[in-house]
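Colleague: I would like a close look at one part of this model, taken slowly and set in its surroundings.

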Amino acid sequence: MTGNRTADVAIIGAGAAGIGAALTLKRLGRSFIILEASHRIGGRGYTEEIVPGVPFDLGCHWLHSASINPLVKVADEFGISYSKQGYPRASFTEGRWNTPEETAEFEVFYDRQERRMQKVADGPGDCSIYEATEREHRWSGFFDYFTTLDTSHDADEVSVTDLMAYNDTEENWCLKEGYGTLLVRLGGSLPVTLNSAVSSVDWSGSGVKLETARGTVSATKALITVSTGMLSAGDIRFTPDLPDWKHEAVAALPLGNQNRICL
């Protein structure tokens, strides 16, 4: 892609949100172009074969709340299999494996903390998970550890109201072929321009003009689906600048970091 190209909508980002937006525009008969900075589509859905025939998700990897998750239908349509069964797990603390009795004790503690957090969420205010939960208990630190697994943030950085608003049906289904594989198949027929990072968006006129690594794109509208991390880093320059309330909203929704280890 070089020079100018015009479309009804320019979509920035070919992750799940960008793919979903493009499929909607396609259904509505609108012209669009998808601009993706990476060499691939899928965003935080990224599957690699660590050895032939063994897919490994480097990003998202569960169909959360599967019975109400629209991507389950997509998996069925593309023949991607998933497991509805849970998986065995055990916990290790204080230099040894926890006994079944200790695991049951922690689960009782965990349920009690959820009830405490729900009381906060039902009230007029908000606080962090750290502030809402018991601090002087054997399992407090272990609970905080589970918080980091669920949110990729420490317990003192996570909103109780936000966490309790999540509609969790406790159905987490693992995709055998990988979550990234699912998103690639979903967006595989879409016209995506890869390796075309957008550096600036000029929305000062009647339309928008985007400067990319592969040329200029003009469109009537721009739909930006990149992460709040990219927006807060200032990787995309806006003319005129975004309003203060939008900067504040982006800053209030930081991304966490989770390192995946395969053994």
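Which residue of strand 13 does Thr 212 stand opposite?

Modeller: Bearing in mind that this is a predicted model, the residue opposite Thr 212 in strand 13 is Gly 215. The two strands concerned, strand 12 (residues 208-212) and strand 13 (residues 215-224), pair in the antiparallel sense over five bridges. They belong to an open sheet of seven strands with mixed pairing, in which the order runs 10-2-1-13-12-11-14. At the edges of this sheet stand strand 10 (192-193) and strand 14 (237-239), and because each has a single partner strand, one side of each is left without a neighbour in the sheet. Helix 1 packs on the sheet, where it touches strand 1, strand 2 and strand 13, and its direction makes about 155 degrees with that of strand 1.

Turning from the sheet to the packing of side chains, the largest nonpolar core has 24 residues, and those with the most contacts inside it are Ile 11, Phe 32, Leu 63 and Leu 182. At least two residues of this core come from each of strand 1 (6-12), helix 1 (16-28), strand 2 (32-35), helix 2 (71-77), strand 9 (173-175) and helix 7 (179-187). Leaving aside residues up to four places away in sequence, Leu 182 touches Leu 63, Leu 71, Val 74, Ala 75, Ile 80 and Leu 175. A second core, separate from the largest one and made of 15 residues, includes Val 217, Ala 219, Phe 238 and Leu 242.

Notes
Residues are numbered from 1 along each chain as its sequence is written. This is a predicted model: local features need pLDDT of at least 70, side-chain atom pairs count only at pLDDT 80 or more; totals for chains, interfaces and linings use all residues. Side-chain values use heavy atoms; hydrogens and water are left out. A nonpolar core is a set of buried Ala, Val, Leu, Ile, Met, Phe, Trp, Tyr and Cys residues joined through side-chain atoms within 4.5 Å. Buried means under 20% relative accessible area, exposed over 50%, partly exposed in between (1.4 Å probe, protein chains only). Helices (H or I, at least four residues) and strands (E, at least two) are DSSP runs, numbered from the N terminus. Contact means heavy atoms within 4.5 Å. Two strands pair if DSSP finds at least two bridges between them. Axes are lines fitted to C-alpha atoms, for helices over the stretch in contact, and angles run from 0 to 180 degrees between N-to-C directions.
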